[in-house]
Amino acid sequence: MRYCGWVVRKVQVGRVLILEVSTSSSVRLSVLVFKPERDRDFYATVRDVDVGTALCFEGFPAEEQKSKRGIEYVVEKLEIYAKPLEPLPVDTAGKTPVLLDTRLKYRWLLARKPEERAIVRIRSGIIKAAREYFEANGFTEIHTPKIVAAGAEGGATLFKVQYFENDAYLSQSPQLYKQMLIASFEKVYEITPYFRAEKFNTPRHLNESWGIDAEQGFISSVEDVMKTLEELVAYIVNYVSKNYREELEELGIQPLQLTTPFKRLKFTEVVDLLRSEGVDVRENEDLSDYAERKLGEIMSEKKHYLYFIVGFPWSSTAFYYMREEDGIYTRKFDLDFKGLEIASGGQREHRYEKLVEALKDKGLNPENYSFYLEAFKYGMPPHGGFGLGIERLLMKILNLENIREAVLFVRDRTRLIP
Ligand code: 4AD
Ligand code: MG
C-alpha cells in the first residue's frame with residue numbers, strides 16, 4: 001500500500017529514527033520506524049527530513065505494534081515531495097496546547113493532527129449521511145441563489161451587497177426559494193450556507209454557517225415534518241456512531257445511538273415547566289439562551305437529549321409560519337439537543353390571502369415579496385420544512401464548547417481571514 005501525508009514529529013531513540021506521519025488513510029498517525037541496519041538505503045534521507053515535510057511511503061504494518069501514538073509501519077519505499085521553507089508556526093504533533101485564536105488561524109495546518117482531522121471527517125460524514133437519508137426518501141437536491149433581493153429571517157441580520165445598480169443581500173436561508181419549489185416538487189432539500197449579520201460574539205453563532213434545509217408538500221400536519229427531521233437526525237447521528245468510531249475515539253466521545261420519536265413539548269408547557277423551576281420566561285417571546293439551557297438540564301435528567309418544542313407564539317416567529325386559528329400560536333417548532341437549538345421548522349402558510357396578511361402583520365411590504373407570493377397562486381399544497389444547523393449539530397455530537405471549532409475557516413465578527 002502507498003500512503004501520503006506530512007511529518008508531524010520526528011524522534012530519535014538510540015539509533016532508531018521515527019517519523020510520525022499524518023495521512024488520509026486513517027485519523028491515526030502512521031509511525032515509520034527506521035533502523036540503520038535494516039533501512040540503510042534511506043536512513044540518511046530520513047535523518048534530513050524536517051517536521052512538515054510532505055512525503056509518500058510504501059510499506060506494511062509492523063508485526064509488533066509498540067507505539068501508542070499510531071500504527072507502526074515497516075517502510076519499503078519513500079518519496080519526498082516538499083520540504084517546509086521554515087519551521088511550522090504551530091505544533092501539529094499535538095504535544096503543545098494551542099489557544100483557540102491560534103487554532104482558528106491555523107486550522108488548515110493543524111488538521112494534520114488526529115483530533116482536528118477527526119472533527120473535519122465527522123462533519124463530512126454528517127453531509128454524507130444526510131444525502132443518503134434524503135435520496136432514500138424521495139427528496140430532490142436543489143440549489144437556490146445566495147444573492148437575493150429580499151430576506152426571510154428578519155432585516156436585522158442581512159448582509160448588504162452591491163448588485164450592479166441594485167441593492168441585494170446575501171441569503172440568510174433558502175426559505176423563500178425552497179417553498180416556491182413546492183409548486184413543482186413534492187420534496188426538496190439543500191445543503192447550503194446561511195449568511196447572517198449577527199452582531200454579537202457568542203459560542204453559538206457564526207456569520208457564515210451551514211444548514212441542511214428540507215421542504216415537503218402534501219403534508220397532513222406539522223407532524224409529518226417533525227417526523228422527517230427526527231428520522232434525519234437519528235440517521236445522521238447513528239451513521240456517525242457506526243462509521244466514524246476511530247474519529248470519535250480520538251476525540252474521547254462515546255458513540256450515541258438515537259431512537260425516534262423524540263419527545264415533543266408544547267411551547268406553553270415549556271413556559272410552565274421553566275417557571276416552576278424559577279426561570280423567567282415570557283409567553284410571547286422566543287426562549288432565551290438561558291431558558292434553553294435550563295430546559296436542556298431538566299430534559300437530560302429524564303434522558304431526553306433531543307426534544308421538540310412546538311407551537312411558538314406568532315409574535316416570536318418569521319412571517320411564513322402557519323398561524324393557529326387563535327392567531328396567537330403558530331405551527332413552528334424547534335429541535336433542541338441538550339439545551340441548544342439545532343433546528344427550526346414548521347408548517348407554512350400556503351393560502352395566498354393569509355400569507356399577504358401575515359407579511360403586512362409583520363410590517364413587511366408584500367410588493368418586495370411578489371416573486372415569492374406568485375408561487376402561491378397556482379396550486380400550492382400544504383407544506384412545511386426545516387433548517388438544521390450543521391455546526392450546531394456537530395458541536396453537540398462532539399461536545400464542542402465553541403461553534404467555531406466546528407468550521408475550518410471561521411467567519412465571525414472579527415474574522416474575515418483566513
Ligand atoms: O432557526 P433558523 O433561523 O431557521 C431558518 O432559517 C428557517 N428558514 C428554517 C425553516 O425551514 N423554517 O435557522 C435554522 C438553524 C438554527 O436552528 C441553527 O441551528 C442554525 O440554523 N443557525 C445558525 N448556526 C450558527 N450561527 C448562526 N448565525 C445561525 N443561524 C441559524
Ligand atoms: Mg430558529
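## Contacts with the ligand

A polar atom in the side chain of Gln 175 comes to 2.7 Å from a nitrogen atom of ligand 1. Please keep in mind as you read that this is a predicted model. Ser 173 also has a polar side-chain atom by a ligand nitrogen, here at 3.1 Å. Ser 344 pairs with an oxygen atom of ligand 1 instead: an N or O atom of the Ser 344 side chain is 2.9 Å from that oxygen.

How much of ligand 1 does the protein bury? On its own, ligand 1 exposes 620 Å², and the protein covers 95% of that area.

## The shell around ligand 1

If you would like to look around the ligand, there are 25 residues surrounding it. Glu 153, Gln 175, Arg 196, Glu 341 and Arg 348 are the closest of these. Sorted by class, the shell holds 8 nonpolar, 9 polar and 8 charged residues.

Which elements give two or more residues to this shell? They are helix 5, spanning 175-180, strand 15, spanning 340-347, and strand 16, spanning 383-389. Strand 15 is the largest contributor, with 5 residues in the shell.

## The largest pocket

Ligand 1 takes up the space of the largest pocket. The volume of this pocket is about 1,200 Å³, and 48 residues line it. Closest to the pocket centre are Glu 153, Arg 196, Glu 198, Glu 341 and Ser 344. Some of these names will be familiar: Glu 153, Arg 196 and Glu 341 are also among the residues closest to ligand 1, and Ser 344 is the residue with the 2.9 Å contact to a ligand oxygen.

Several elements each give two or more residues to the pocket lining: helix 5, strand 11 (208-217), helix 9 (289-301), strand 15, strand 16 and helix 12 (390-397). Strand 15 again gives the most, with 6 residues in the lining. By class, the lining is made of 16 nonpolar, 16 polar and 16 charged residues.

## A small enclosed space

How many cavities of 30 Å³ or more are there? The count is 1, and the volume of the largest cavity is about 50 Å³. Its lining consists of Val 148, Ala 150, Gly 151, Ala 152, Ser 171, Gln 172, Ser 173, Leu 176 and Tyr 177. Ser 173 deserves a second look, as it lines this cavity and also has a polar side-chain atom 3.1 Å from a nitrogen atom of ligand 1.

Of the residues lining the largest cavity, 5 are nonpolar and 4 are polar, with no charged residues.

## Backbone details

Two cis peptide bonds are worth finding on your screen. One joins Thr 260 and Pro 261, with omega about 0 degrees. Pro 261 sits in the loop that runs between helix 7 (245-250) and strand 12 (263-266). The other joins Ile 417 and Pro 418, where omega is about -10 degrees. Pro 418 belongs to the segment after helix 12, and helix 12 is one of the elements that line the largest pocket.

Which sign does phi take at Phe 164? Phi of Phe 164 is positive, near 50 degrees, in a residue other than glycine. You will find Phe 164 in the loop between strand 8 (160-163) and strand 9 (166-170).

How values were computed
Residues are numbered from 1 along each chain as its sequence is written. Chains are lettered from A and ligands numbered from 1 in the order in which they are written. This is a predicted model: local features need pLDDT of at least 70, side-chain atom pairs count only at pLDDT 80 or more; totals for chains, interfaces and linings use all residues. Side-chain values use heavy atoms; hydrogens and water are left out. A residue is near a molecule or strand if one of its heavy atoms lies within 4 Å of it. A polar contact is a pair of N or O atoms within 3.5 Å; within protein, one must be able to donate a hydrogen and the other to accept it, and residues adjacent in sequence count only if both atoms are side-chain atoms. Accessible areas come from the Shrake-Rupley method with a 1.4 Å probe; for residues, only the protein chains shown count as cover. On a 1 Å grid over the protein atoms alone, a cavity is a set of points where a 1.4 Å probe fits but cannot get out, and a pocket is an open set with protein on both sides within 12 Å along at least five of seven lines; lining residues have an atom within 4 Å of a point. A molecule sits in a cavity or pocket if more than half of its atoms lie within 2 Å of its grid points. Helices (H or I, at least four residues) and strands (E, at least two) are DSSP runs, numbered from the N terminus. Ala, Val, Leu, Ile, Met, Phe, Trp, Tyr, Cys and Pro count as nonpolar, Asp, Glu, Lys and Arg as charged, and the others, Gly among them, as polar. Grid points are joined across faces, edges and corners, and a volume is the space filled by probe spheres set on the points.
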